[in-house]
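User: I'd like to learn how to read a protein model from its coordinates. Could you walk me through it feature by feature?

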Amino acid sequence: MFVGHYSVGFAAKSETNKIPLWVLFIAVQFLDYIWATLVLLGIEKLRVIKGFTEGSMLDSYFHPYSHSLIMAILWSCVAAIVYKPICRRLGFVYTKSASLVIGVAVFSHWILDLIAHPRDLAIYDNTWKVGFGLWNYRDPEFALEIALLAVGIMLYLARNAMPAIRKGSVIAFGLALVVIQIGDTYVPRNPLTDKQTVMGVWVFYTLFVLLAFFIERIGSRRQTNAR
Ligand SMILES: [Zn+2]
């Protein structure tokens, strides 16, 4: 699962919880940030094999600290617990429901990975591995990613009031994510090394976080001036 994860980020944002979209973008990929970091440190293991599954070259044969069910639950709780203190420290507004939303967003990553991954997600430690393996079916997996993203963006646009220019930018951002998913799923390429792959994860995910940050600022200056 790749861009499908962002559907949860878009869908979770509301006028009630007021969590910035960029924060939700970190939350939905939080487990992958931990994974990419641990692979870089040589603690978790990854093989990149051409044709490993139809939709992905990633053989994540050892990622118990970032992607086992028990750790996913733990990381979700940690994120939910630290969210308010971090907001307080940084002087950000937070609402009552925000911690729960953050926790659910972090955990959604594991559920969506469960659908796409082959049986490489451990229940605990590195044993009892599960995964429905939709990555073995390239077109249905791609269709699911895009459908999830579309629903997420529609919910985001429906639940949050915003100027037309920002609405357009959100849709353009969504289309860019579709293009990136097309590239990831369908454009043949030679496998990178494990370290290059997770560096790419860090760079791309962080780029999306920055874009989410700037998108929620589009059109807000004009509103402030008008007041
Ligand atoms: Zn993952």
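The dialogue below goes from the overall fold to the metal site, the core and a few single residues.

Analyst: Happy to. Keep in mind that this is a predicted model.

User: Let's begin with the fold. How many helices and strands does the chain have?

Analyst: A good habit is to list the elements before looking at details. Here there are 10 helices and 4 strands. Read from the N terminus, their order is α-α-α-β-β-α-α-α-β-β-α-α-α-α.

User: What does the radius of gyration say about the chain?

Analyst: The idea is to compare the value with what a compact globule of that length would have. For 227 residues the expected radius is near 17 Å, and the chain has 18 Å, so the two agree. The extents add to this: the C-alpha trace spans about 55 × 35 × 25 Å along its principal axes.

User: What share of the residues is buried, and what supplies the exposed surface?

Analyst: Of the 227 residues, 45% count as buried. The exposed area is about 11,500 Å², with carbon and sulfur atoms supplying 70% of it. Sequence separation is another thing to look at: among contacts between residues at least 6 apart, 66% join residues at least 24 apart.

User: Now the metal. Which residues are the protein donors of the zinc ion?

Analyst: Start with donor atoms and distances, then turn to the angles. The zinc ion has Asp32 (OD), His67 (NE2), His109 (NE2) and Asp113 (OD) as protein donors, at 2.1 to 2.2 Å. Along the sequence, their spacing follows D-x34-H-x41-H-x3-D.

User: Why is the arrangement irregular?

Analyst: For reference, four tetrahedral donors would ideally sit at 109.5 degrees. In this site the angles between the 4 donor atoms run from 86 to 172°, and therefore the arrangement is irregular. A tetrahedral label would need all angles between 85 and 135 degrees. Water is not among the atoms, so a site may look incomplete.

User: How are His109 and Asp113 placed in helix H6?

Analyst: A helix can present two donors from one stretch of sequence. His109 and Asp113 are separated by about one helical turn, because they are 4 residues apart in helix H6, which covers residues 98-116. Both His109 and Asp113 are buried.

User: Next, the core. Which residues touch the most other members of the largest nonpolar core?

Analyst: The general idea is that nonpolar side chains in soluble globular proteins tend to be buried together. The largest nonpolar core in this model has 48 residues, and those touching the most other members are Tyr6, Phe10, Ile19, Phe25, Ile102 and Val170. Take Ile102 as a case: beyond its neighbours up to four places away in sequence, it touches Ile19, Val23, Leu24, Ala27, Ala79, Ala80 and Tyr83.

User: And Tyr6: is it buried or exposed?

Analyst: Tyr6 is in helix H1, residues 4-12, and counts as buried because its relative accessibility is 0%. Its contacts outside four places in sequence are Phe25, Val28, Gln29, Leu149, Tyr205 and Phe208. For one of these, Val28, the C-alpha atom is 6.6 Å from that of Tyr6, although the two are 22 residues apart along the chain.

User: How do the strand residues Val48 and Phe62 read by accessibility?

Analyst: Val48, in strand S1 (residues 45-48), is buried because its relative accessibility is 18%, under the 20% cut-off. Its contacts, leaving out residues up to four places away, are Met57, Leu58, Pro191, Leu192, Thr193, Asp194 and Thr197. Phe62, in strand S2 (residues 58-62), has 23% relative accessibility and so counts as partly exposed. With the sequence neighbours up to four places away set aside, Phe62 touches Ile43, Glu44, Lys45 and Asn126.

User: Last, backbone angles. Where is Asp125 found, and what is its phi?

Analyst: It pays to look up a residue's location and exposure along with its phi. Asp125 is in the loop between strands S3 (121-124) and S4 (127-130). Its phi is positive, about 45°, although Asp125 is not a glycine, and at 48% relative accessibility it counts as partly exposed. Trp128 lies in strand S4 and has a positive phi near 55°. With a relative accessible area of 62%, Trp128 is exposed.

Key: Residues numbered from 1 in each chain as written. Predicted model: local features only at pLDDT ≥ 70, side-chain atom pairs only at ≥ 80, totals over all residues. Heavy atoms only, no water. Donors = N, O, S within 2.8 Å, 3.2 Å for Na, K, Ca; no water. Tetrahedral: all angles 85-135°; square planar, octahedral: opposite > 155°, others 65-115°. Buried < 20%, exposed > 50% of the residue type's maximum accessible area, 1.4 Å probe, protein only. Core = buried A, V, L, I, M, F, W, Y, C linked by side-chain atoms within 4.5 Å. Contact = heavy atoms within 4.5 Å. Rg over C-alpha atoms; globule rule 2.2 N^0.38 Å. Areas by Shrake-Rupley, 256 points an atom, 1.4 Å probe, with all protein chains shown as cover.
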